[in-house]
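Trainee: I would like to learn how to read a model of two chains, feature by feature. Could we go through one together, with the general idea first and the case at hand second?

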Amino acid sequence: MIEALQAMGSVILDPYLVFLILVTTILGVIIGVLPGLGATTGAALLLPFTLTMEPVHAIAVLATIYVSATFAGSITAILINTPGTAAAAATTFDGYPLAQRGEAGRALGIAVVSSTIGGVFSVIVLCIAAPMLARVAYEFRPPEYFALALFGLSMLASISAGGTVRNLIGGTFGVWLATIGAEPTTGIERFMFGNYELYEGLSFVPVFIGLFAMSELLVQSKRVNQVVDAIGLKAVKLPSRDDYKRIWKTVVRSCGIGTFIGVLPAEGATIASMIGYAEARRWSKNKEEFGKGAIEGIAGAEAANNAATGGAMVPTMVLGIPGSGTTAVILVGLMVHGLRPGPYLFTEQVDKVYQIFGAMLLANLMFMVMGLYAAKLFARISLVPLQLLWPIVFALATIGAYALSSSLLDVWIALIFGVIGFLARRHGFAVAPIAVGLILGEMVETNFQNSLKMFDGEWWQILTQPLAALFLFFAVVGLFGAPIWSWISRRRS
Amino acid sequence: MPYLVIPGVITAFSLAVIWAALQLDLSPPMIVGDSLQPRVFPILLMVINLVLAALLAIQYRKKPPKKIERDGLHTWGTVALFVIFYPLTVYLDMLIAIAVVMFVMCLLWGERRIHVAGAVALVTPAAIFFLFDMVLRIRFPRGLLTNWYYQ
């Protein structure tokens, strides 16, 4: 424990890392306030820029983008009724009405404080839960990993965007994408279409840049003529003692909700904030105020979405299963920088792990300072004309896609997946399930094949392994729990 | 039956993948052992996809999806720029291609100040190029400009 604290504290003693976190926090807040450019897109675009950095610095940069952009979405949600990130959508419900009443500073103050508490709480949970989970995960063999990956995929059924069936179709498509290239056991080429650059499979980075950045660019092209009404902001106000009295229970509850939702594979800050908001309303004595500027509504959503960031890092680092879209990018970052996600990370490179956690903690504190003192400035940035912003994103995305392997094929892959992602979103399919499927695809197939070898081809023996059976049970619950529950509720009513 | 379009596309895609998987080479039994032939896993996935496509068709029949607004010139023009980007990169230079696409995209999306669009289209790729070349030491594909620069 003391070693862990020392490693976390060493972040402050590394001036270059502190400088990087500061710059990235500013960048993250800018990314968060620019509508369309969320944490996932920002992390995907920045990943190639981290190539020459040390692993800890690189992952700290990506994690900082994650926490700061997740918070910053609330600035535009409150001031222009446009959530900078999907995770801040619930903040608009009460943030904007409160701002319209002339209390924009108070709304932002509540958002900043709640986000910081949520973020710090989740990092503390991350520090405690991740090594504990890692100790359990040492015992995992192929059947357990196979079942766990299936559980991760089954959770796609319940993520907020898209619908159950559409998300599962996206996930299956993603898993299929992971089969492109040489089959790991036999070396037989699959779906390479004669292109030997695909022998080792599709690179994650260009696919992610395409799915998140390029597709968002095409989505934004429809919004170029939109007019936004910005509400003026004098200064951000810290919550008063009365405000704290009203929101503290909500914040505590949302911290728990957000962290728990974050830990679940594939669930992220968006669903956490929605549940945090709904629970804040359910437990509030002033339900009628919700939707008209209730401060509990802002606190509930904001504490939950930032609490989900630390939670989502738990399965990402311990099990190699992304806890959200952005952690999927961070997972790729870990792989690119030679930090193999999994329980062994906690024995072989434990110092680096805690430095990353320390960086996340520092980022949470830095965005609080920026939120309190520079929100006015950042709010102005959100009004940058789209016709200038998105061509710049195009340049960053194409060069970023090229940079990882110096391959033009990766640029074409990013462009193709940009169009695929756009068409999918146009028809109501979310792109995050494709990304999660792509990451988990190899894990599912390889561990299934290895399990078959372990049990001499008798696949049902997987069910005789207690942990594997438990994960498969969770997977079934994840897939069918919600429809069965709603069917039972309908029958009752 | 417009509600069948999307499930139909997914079905066609799944069947195409199954067909392509059936064309894959078979691995000798002594290599495969107790595990699966390389074609089995993709076929299994696509069978799941076919079931999901059928479920989607049923869902859409009960509750048709929202009518999608037609995309305008901004969107399809941008997709066209993606397509044009390929020959420009291959036959001219990647940086020139990025600058041209950025410039046209600015104008296409409604920027009326040509000098601003021009400045953004010139400065951004140049800045990113120097950052990647000097700081990250990444060499860009050969083309008109890069040939001259790398000489």
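Mentor: Let us begin with domains, whose bounds come from an automatic or database domain assignment. In this predicted model, the assignment for chain B gives domain 1, residues 2-62, and domain 2, residues 73-150.

Trainee: How far apart do the C-alpha centres of domain 1 and domain 2 of chain B lie?

Mentor: The C-alpha centres of these two domains of chain B are 39 Å apart. A pair of residues can be read in a similar way: Pro141(B) and Ile18(B) are separated by 123 residues in sequence and by 36 Å in space, C-alpha to C-alpha.

Trainee: Turning to the meeting of the chains, how many residues of chain A are in contact with chain B?

Mentor: On chain A there are 47 residues in contact with 52 residues of chain B. The side of chain A that touches chain B draws at least two residues from each of α7, α8 (204-220), α15 (386-403), α16 (408-426) and α17 (432-454), and the largest share, eleven residues, comes from α15(A). By class, the residues on that side of chain A divide into 25 nonpolar, 14 polar and eight charged.

Trainee: How should I describe one pair of helices across the two chains?

Mentor: Two packed helices are described by the angle between their axes and the distance between the axes. For helix α7 (residues 164-178) of chain A and helix α3 (residues 40-62) of chain B, the axes come within 9 Å and cross at roughly 160 degrees. Angles over 145 degrees count as roughly antiparallel, and α7(A) and α3(B) are therefore roughly antiparallel to each other. The crossing of α7(A) and α3(B) is left-handed. Among the residues that make the contact are Leu168(A), Ile169(A) and Trp176(A) of α7(A), with Leu45(B), Ile48(B) and Leu52(B) of α3(B); by class, the contact of α7(A) with α3(B) has eleven nonpolar, three polar and one charged residues.

Trainee: Within chain A, at what angle do the axes of helix α4 (residues 55-79) and helix α5 (residues 89-137) cross?

Mentor: The axes of α4(A) and α5(A) cross at roughly 165 degrees and come within 8 Å, and these two helices are therefore roughly antiparallel to each other. The crossing of α4(A) with α5(A) is left-handed. In α4(A), residues including Phe71(A), Ser74(A) and Ile78(A) take part in the contact, while in α5(A) the partners include Gly95(A), Tyr96(A) and Ala104(A). The contact of α4(A) with α5(A) has twelve nonpolar, six polar and no charged residues.

Trainee: And which residues of α8(A) and α17(A) make their contact?

Mentor: Taking the geometry beforehand, the axes of α8(A) and α17(A) come within 10 Å and cross at roughly 170 degrees, and the two helices are therefore roughly antiparallel to each other. Their contact is made by Phe204(A), Val207(A), Phe208(A) and Leu211(A) of α8(A), together with Ile434(A), Ala435(A), Leu438(A) and Ile439(A) of α17(A). By class, the residues of the contact of α8(A) with α17(A) are eight nonpolar, no polar and no charged.

Trainee: For single residues, is Thr124(B) buried or exposed?

Mentor: A residue counts as buried if 20 or more other C-beta atoms lie within 10 Å of its own, and as exposed if 12 or fewer do. Thr124(B), which is placed in helix α6 of chain B, is buried because 21 other C-beta atoms lie within 10 Å. Leaving out residues up to four places away in sequence, Thr124(B) touches Ile392(A), Ala395(A) and Met102(B).

Mentor: Pro141(B) lies in the loop between α6 (114-135) and α7 (144-150) of chain B, and because 15 other C-beta atoms lie within 10 Å, Pro141(B) is partly exposed. Apart from neighbours within four places in sequence, Pro141(B) is in contact with Leu408(A), Met94(B) and Thr146(B).

Trainee: What should I look for in the backbone of a loop?

Mentor: One thing to look for is a positive phi in a residue other than glycine, as in Phe193(A), where phi is near 50 degrees. Phe193(A) sits in the loop between β2 (189-190) and α8 of chain A, and it counts as exposed because it has 8 C-beta neighbours inside 10 Å. Asp456(A), which is not a glycine, has a positive phi of about 50 degrees. Asp456(A) is placed in the loop between α17 and α18 (466-492) of chain A, and with 9 other C-beta atoms within 10 Å, Asp456(A) is exposed.

Note on methods: Residues numbered from 1 in each chain as written. Chains lettered and ligands numbered in written order. Predicted model: local features only at pLDDT ≥ 70, side-chain atom pairs only at ≥ 80, totals over all residues. Helix = DSSP H or I, 4+ residues; strand = E, 2+ residues; numbered from the N terminus. Contact = placed C-beta atoms within 7 Å. Axes fitted to C-alpha atoms, helices over the stretch in contact; angles between N-to-C directions. Parallel < 35°, antiparallel > 145°, perpendicular 65-115°, else oblique. Left-handed = near helix turned anticlockwise from the far one by under 90°. Nonpolar A, V, L, I, M, F, W, Y, C, P; charged D, E, K, R; others polar.
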